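Visitor: I'd like a close look at one part of this protein, the way its helices sit against one another. Could you walk me through that in one go, starting from a single residue and working outwards?

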Amino acid sequence: MGNGMADFVRKAALGDVKIKTLEAYNLYCWYVAGVVGEDLTRLIVEANMGNVRLVENAQLYKSMGLLLQKNNITRDVREDFDDNRCFWPEEIWSKHVDKFEDLFKPEYLDAALNCSSEMVLNALRHTCDCFSYLKCLHDQSVFNFCAIPQSMAMATFELCFRNPAMFQGNIKVPKGDAFQLIIESSRDISVVCAIFRRYSIRIQQKNDPADPNFAEINKACEKACTLTVPPPTD
């Protein structure tokens, strides 16, 4: 993690402060959150609290970390912009506006909303891997530790989706909803499955046919809505 973040600090020192490609975006999120996920996963499996499949399939723990970090980056766009930071990849925002700062101008609102929906779409593609990860956890406390932030992330993506307020200031899931999610996510995988499905449906309901990514967003939501819980075994 230290080496990876140092690479990005060096680029910033040389004047290259933007994340340009989706590859760089995923790499940054990996260094910030994915590496931690890998280390924790190895500890979980070593302690017999999770299926060995978790370390055999790196894509699962990578997606866990990337979804959480992309949640933060998507939600905090205004705060980061005000602090002269930009973590949204140019490969995405340049499809919608000529300059990143245009996203915060009222006359570019439609473009900004389409851009933010593409950011959400990019993150939603990790949803199924995250759910597969949660299904492999055996210990309740470990399950709670992993499931609560994933459920909160889904709620945050739904809050951000096509929401002009995110370009005006920092937005957060209401406290009452957050407390309810903590309670629900501390039960079992079937309840978390219902949470993923609930917020995917809400995102789909807000999806705009005029959005260039309308079909892909629907597809990602429908995929999340088909998540299933395996029947109990003796």
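**Helix against helix**

Guide: Let's start with Gln69, which you'll find in helix 4, the stretch covering residues 58-75. Bear in mind as we go that this is a predicted model. Is Gln69 buried or exposed? Its relative accessible area is 12%, so Gln69 counts as buried, the cut-off for that being under 20%. And what does Gln69 touch, once you ignore neighbours within four places in sequence? The answer is Tyr28, Cys29, Val32 and Ala33.

Two of those names are worth holding on to, because Tyr28 and Val32 turn up again where helix 2 meets helix 1. Helix 1 takes in residues 2-13 and helix 2 residues 22-46, and they pack at about 135 degrees with axes 8 Å apart. That angle makes helix 1 and helix 2 oblique to each other, and their crossing is left-handed. On the helix 1 side, the contact uses Gly4, Met5, Asp7 and Phe8; helix 2 brings Ala24, Tyr28, Tyr31 and Val32. Sorted by class, that contact between helix 1 and helix 2 comes to six nonpolar residues, one polar and one charged.

Stay on helix 2 for a moment, since Val45 is there too. Val45 has a relative accessibility of 15%, so this residue is buried as well. Setting aside neighbours within four places in sequence, Val45 is in contact with Gly50, Asn51, Val52, Leu54 and Val55. For a sense of distance, take Val45 and Asn114: they're 69 residues apart in sequence, and their C-alpha atoms are 40 Å apart in space.

Now hop along to helix 8, residues 127-135, which has a packing partner in helix 9, residues 140-160. Helix 8 and helix 9 pack at about 160 degrees, axes 10 Å apart, and are therefore roughly antiparallel; the label applies to angles over 145. This crossing is left-handed. From helix 8, the contact draws on Thr127, Cys130, Tyr133 and Leu134, and from helix 9 on Phe143, Cys146, Ala147, Gln150 and Met154. The class count for helix 8 with helix 9 is seven nonpolar and two polar, with no charged residues.

Helix 8 also packs with helix 11, residues 189-206, at an angle of about 170 degrees and with the axes 10 Å apart. So helix 8 and helix 11 are roughly antiparallel too. Here Thr127, Phe131, Leu134 and Lys135 of helix 8 meet Ile189, Val192, Cys193 and Phe196 of helix 11. That contact of helix 8 with helix 11 splits into six nonpolar, one polar and one charged. Notice that Thr127 and Leu134 are in the contact with helix 11, and that Thr127 and Leu134 also appear in the contact with helix 9.

Finally, step back to the whole protein. There are 12 helices and zero strands. Of the 234 residues, 49% count as buried. Among contacts with a separation of 6 or more, 72% come from residues 24 or more positions apart. The C-alpha trace spans about 60 × 40 × 30 Å along its principal axes. As for the radius of gyration, a compact globule with 234 residues would come in near 17 Å, and this protein's 18 Å agrees with that.

How values were computed: Residues are numbered from 1 along each chain as its sequence is written. This is a predicted model: local features need pLDDT of at least 70, side-chain atom pairs count only at pLDDT 80 or more; totals for chains, interfaces and linings use all residues. Side-chain values use heavy atoms; hydrogens and water are left out. Axes are lines fitted to C-alpha atoms, for helices over the stretch in contact, and angles run from 0 to 180 degrees between N-to-C directions. Helices (H or I, at least four residues) and strands (E, at least two) are DSSP runs, numbered from the N terminus. Angles under 35 degrees count as roughly parallel, over 145 as roughly antiparallel, 65 to 115 as roughly perpendicular and the rest as oblique. Contact means heavy atoms within 4.5 Å. Ala, Val, Leu, Ile, Met, Phe, Trp, Tyr, Cys and Pro count as nonpolar, Asp, Glu, Lys and Arg as charged, and the others, Gly among them, as polar. A crossing is left-handed if the near helix is turned anticlockwise from the far one by less than a right angle, and right-handed if clockwise. The radius of gyration is taken over C-alpha atoms; the globule rule is 2.2 Å times the number of residues to the power 0.38. Buried means under 20% relative accessible area, exposed over 50%, partly exposed in between (1.4 Å probe, protein chains only).
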